[in-house]
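Here are my notes on how the two halves of this protein meet. Have the coordinates open while you read.

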Amino acid sequence: MQDTDKRIINNVPIVKIYTEKFKTVVVSVYFRTPLTSREATVRSLLSRMMIKQTDKFKTNAALLEYLAEHYGAHLTSNVVKKGSDHIVKFSIEFVNGKFIMEDMDMLGDITAVLKDVLYSPFNYDDSDQAFFQREKRLMTNRLKSMRDNYSQRAFEMLLETMFETEDYKHLSFGDLETLETLTLEDVKAAHEKMMASDDMSILAAGKVEDNIFDYLSQLHSRETAKMYPYTGYPVRSVSEVKYETAHERIEQAKVNLGFRVQYQDSKDVMSLNVFNQLFGGSSASLLFTNIREKLSLAYSIHSQVDVKNGYMFVLAGVDNDNIQIFEDAVKKEIQRVIDGDFEASFVEEIKRNMLSSRKESMDKPRGLISLNYNSLLKEQSVKAPKASWTEQLKKISKDDVIQIAKKIQLDTVFTLKGGDDDDK
């Protein structure tokens, strides 16, 4: 049994997802604002600081000890890009009080901890400078280690090349250059703005009753609602394919292709979802089967899509001598779809796998929260689809996949390869 109840309390949307599948409860708080490089960096640092220590728990050890005493409650934060927005999410998972013999107000205690997390940055002062510098140093080290990953670096450089004048090039966790300039006052200002102006949503999943609204409504209140449409970036056509190459001391080249999809109607979004799984998003895909397995042109290969914005990326590890052959092979696979050189039964198989994956996500509390948050965003979308995700998926046919393939345009090819700049 699953039931969803959405209420607006204190001008903040609160969603209760009742399910008897789990013995735990998950509460997630989302903050959404337009994406910029500076916002992404400072909010990423802020989110990391907020779950480390609070006004009540002055050290991370004290906070972790308290959570452990509450049957191992688990507090996390993360940041993502979604549409044209940057999202900060705080989640806490804990044992449902119904299954505890001890006399403990689990929901009350957890809500108090979460409110402490959300409000502590208001009181940051000079005594928190050492804490700020430590977290800034840890985040710096993390970003540097990510740059040392050649696959990650190649993808970042693809984004910088493809979206040179667009905000989409900014990463959800920010950049080193901006991080170096940040002060504690910047973090405080970002927190104040987030609490006052972000599109905020609170979701809870588990075997919970209506009284959870009384608890969650205590987390934050606003004088006016701060909800705004969930949108993507404008569709842009491709006039000329951009080619960029960088060199590192690596044996295996990283070849990344970026595509723009010329969206024309709402059905295109689900069509692209299905196309991606068929093309390179699964182990049964054309790229994996034909380019990796049959032709042995790639050590690794997959495609991924941003369906809200209509972007697709093909990421692969390739021998330096096979770069052009590989690019031609990827284009050939797209043409294969355009030509209809695949069975309708393959599309149905892909759809069944997608439906199975979605059901699997709903068997986990955090997955259930994420799916319901996506539904919440769609309600705020400028052109929200009327049919459910499952209904949209069922309607996709082989011809829909062919038609979306025709709307996919190669925009950028970025290659990170071994050798020197003058190597041919």
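Which residue forms a salt bridge with E93?

1. R366 is the partner: the closest N and O atoms of the pair are 3.4 Å apart. A salt bridge here needs a side-chain nitrogen of Lys or Arg within 4 Å of a carboxyl oxygen of Asp or Glu. Between domain 1 and domain 2 the count is five salt bridges.

2. Some ground rules: this is a predicted model, so to speak, with local features needing pLDDT of at least 70 and side-chain atom pairs counting only at pLDDT 80 or more, while totals for chains, interfaces and linings use all residues. Numbering runs from 1 along each chain as its sequence is written, and side-chain values use heavy atoms, leaving out hydrogens and water.

3. Domain 1 covers 3–218 and domain 2 covers 242–418, with bounds from an automatic or database domain assignment. Their C-alpha centres lie 29 Å apart. Each side puts residues into the contact (heavy atoms within 4.5 Å): 38 from domain 1 and 38 from domain 2.

4. The two domains bury about 3,200 Å² between them, and carbon and sulfur atoms give 64% of that. Buried area is the accessible area (1.4 Å probe) that two parts lose on being put together, summed over both. On the domain 1 side, Y150, L158 and M162 lose the most area to domain 2, together 19% of what that side buries.
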